[in-house]
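Biologist: I'd like to read this protein model with you, piece by piece. I'll ask the questions, and you walk me through the reasoning.

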Amino acid sequence: MDKNSVYRRNIISGGEFDAISVDMDKSVVHETNSLFWDTKGNDVLGAIVLPFYGAFVSEEKCQLLGDVSGKKMLEIGCGSGQSLQYLGEREASELWGMDLSENQIEKTKQHLTACGLSATLICSPMEEECGIPEDYFDFVYSIYAIGWTTDLESTFRRIASYLKKDGVFIFSWSHPIHKCVAAEYDRLVFKKCYFDESWYSVSLDGSTLTLSDRKLSTYVNALAKTGFVIEQMIEQSDDEIIKSSNSDFAKKAMMLPVTFVIKARKL
């Protein structure tokens with residue numbers, strides 16, 4: 001995996017880019033973000049894929065998934081398919097993937113075929129009904145994709161419906177504190193209010209994406225409302241991974257969390 005791609009994706013925030021506040025219209029946000037991933041998404045942001053949950057957090061260290069042999073797996077935001085490959089090579093019994101972008105779905109299909117693997121792939125916003133079976137999966141997971149949803153509670157409610165009783169949901173996203181803090185002249189400076197969850201658009205390399213920076217409590221409360229109990233949350237970076245990098249981003253990760261990962265179980 002290209003480690004630089006991990007760093008690029010982690011620095012998307014209203015604090016470090018020129019952001020324009022926008023009104024949240026689901027159809028407009030879906031159109032904007034699907035176009036972004038259909039065209040320049042991977043080139044601009046790269047990808048975070050298993051065994052990494054973020055720039056400095058890994059499955060190999062955290063063991064949140066553990067042994068997946070014989071398990072039915074669904075990925076929300078399957079990107080180019082590398083995370084599904086990781087699980088397929090560890091003998092998961094079924095692989096399913098969902099993504100907003102037709103281009104990403106096609107990349108996943110091509111990648112898995114080249115790896116001798118197959119998956120059921122669906123192009124749809126994660127908030128909407130799309131024919132995924134209910135009470136079916138052992139694990140639903142998402143690596144840096146949940147934050148793209150326009151309706152967090154609806155998304156979590158759908159994910160809960162896909163899982164078997166006691167099924168596990170694991171997701172990672174950019175830590176909201178990191179999204180507020182920028183590096184300036186060897187100092188870390190708050191550039192954005194932590195409590196501001198308004199939507200904004202950012203232009204990168206001639207392409208536009210639209211996001212909202214949600215509070216950590218927003219994710220926690222949405223999980224509680226939709227039938228999950230949190231078993232584990234990780235927000236500290238792995239010192240060994242940090243030491244392998246000499247980047248400014250790694251220095252920032254030594255001072256504050258840049259990624260958070262939550263493991264929750266369906267009640």
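Biologist: Which residue has a side chain that meets the side chain of R157 in a salt bridge?
Modeller: Side chains of opposite charge can pair when their charged atoms come close. A salt bridge here is a side-chain nitrogen of Lys or Arg within 4 Å of a carboxyl oxygen of Asp or Glu. For R157, the N to O distance is 3.6 Å, and the partner is E153.

Biologist: Before we go on, what is left out of the side-chain values?
Modeller: This is a predicted model, where local features need pLDDT of at least 70, side-chain atom pairs count only at pLDDT 80 or more, and totals for chains, interfaces and linings use all residues. Residues are numbered from 1 along each chain as its sequence is written, and side-chain values use heavy atoms, leaving out hydrogens and water.

Biologist: Back to that pair: which helix holds R157 and E153?
Modeller: Helices (H or I, at least four residues) and strands (E, at least two) are DSSP runs, numbered from the N terminus. The two residues are four apart, about one turn of the helix, and both lie in α7.

Biologist: Is R157 buried or exposed, or somewhere in between?
Modeller: Buried means under 20% relative accessible area, exposed over 50%, and partly exposed in between (1.4 Å probe, protein chains only). E153 comes out at 28%, which counts as partly exposed. With 42%, R157 is also partly exposed.

Biologist: Which residue joins E153 and R157 in a network of salt bridges?
Modeller: A search of the whole structure gives 13 salt bridges. Some are linked up, and the network with E153 and R157 also takes in K225.

Biologist: How many residues apart in sequence are the parts that E197 and K215 tie together?
Modeller: E197 and K215 form a salt bridge, with their closest N and O atoms 3.5 Å apart. E197 lies in the loop between β10 and β11, while K215 lies in the loop between β12 and α9, so the parts tied together are separated in sequence by 18 residues.

Biologist: Of that pair, is K215 buried or exposed?
Modeller: E197 has 26% relative accessibility, so it is partly exposed. K215 has 18%, so it counts as buried.

Biologist: And which strand holds R265, the salt-bridge partner of E231?
Modeller: The side chains of E231 and R265 meet at 2.5 Å, N to O. E231 lies in strand β13, so this pair ties together parts 34 residues apart in sequence, with R265 in strand β14.

Biologist: Let's look at the sheet. What are its edge strands?
Modeller: Strands of a sheet pair through backbone hydrogen bonds, either parallel or antiparallel. Two strands pair if DSSP finds at least two bridges between them. Seven strands form this open sheet, in the order β6-β5-β4-β7-β8-β14-β13, and the pairing is mixed. The edge strands pair on one side only, and they are β6 and β13.

Biologist: Which residue is the bridge partner of F139 in β8?
Modeller: Strands β7 (residues 137-143) and β8 (residues 163-174) pair in the parallel sense over six bridges. For F139, the bridge partner in β8 is V168.

Biologist: What angle does the direction of helix α7 make with that of β8?
Modeller: Axes are lines fitted to C-alpha atoms, for helices over the stretch in contact (contact means heavy atoms within 4.5 Å). Angles run from 0 to 180 degrees between N-to-C directions. Helix α7 packs on the sheet, touching several strands, including β7 and β8, and its direction makes with that of β8 an angle of about 140°.

Biologist: Which strands does helix α9 touch?
Modeller: Helix α9 (residues 216-225) packs on the sheet too, and its direction makes about 150° with that of β13. The strands touched by α9 are β8, β13 and β14.

Biologist: Now the backbone. Which peptide bond is cis, with omega near 15°?
Modeller: Most residues other than glycine have a negative phi, and most peptide bonds are trans. P51 is in the loop between α3 and β2. The cis bond with omega near 15° runs from L50 to P51.

Biologist: What is the phi of D186?
Modeller: D186 lies in the loop between β9 and β10, and at 85% relative accessibility it counts as exposed. D186 is not a glycine, yet its phi is positive, at about 65°.
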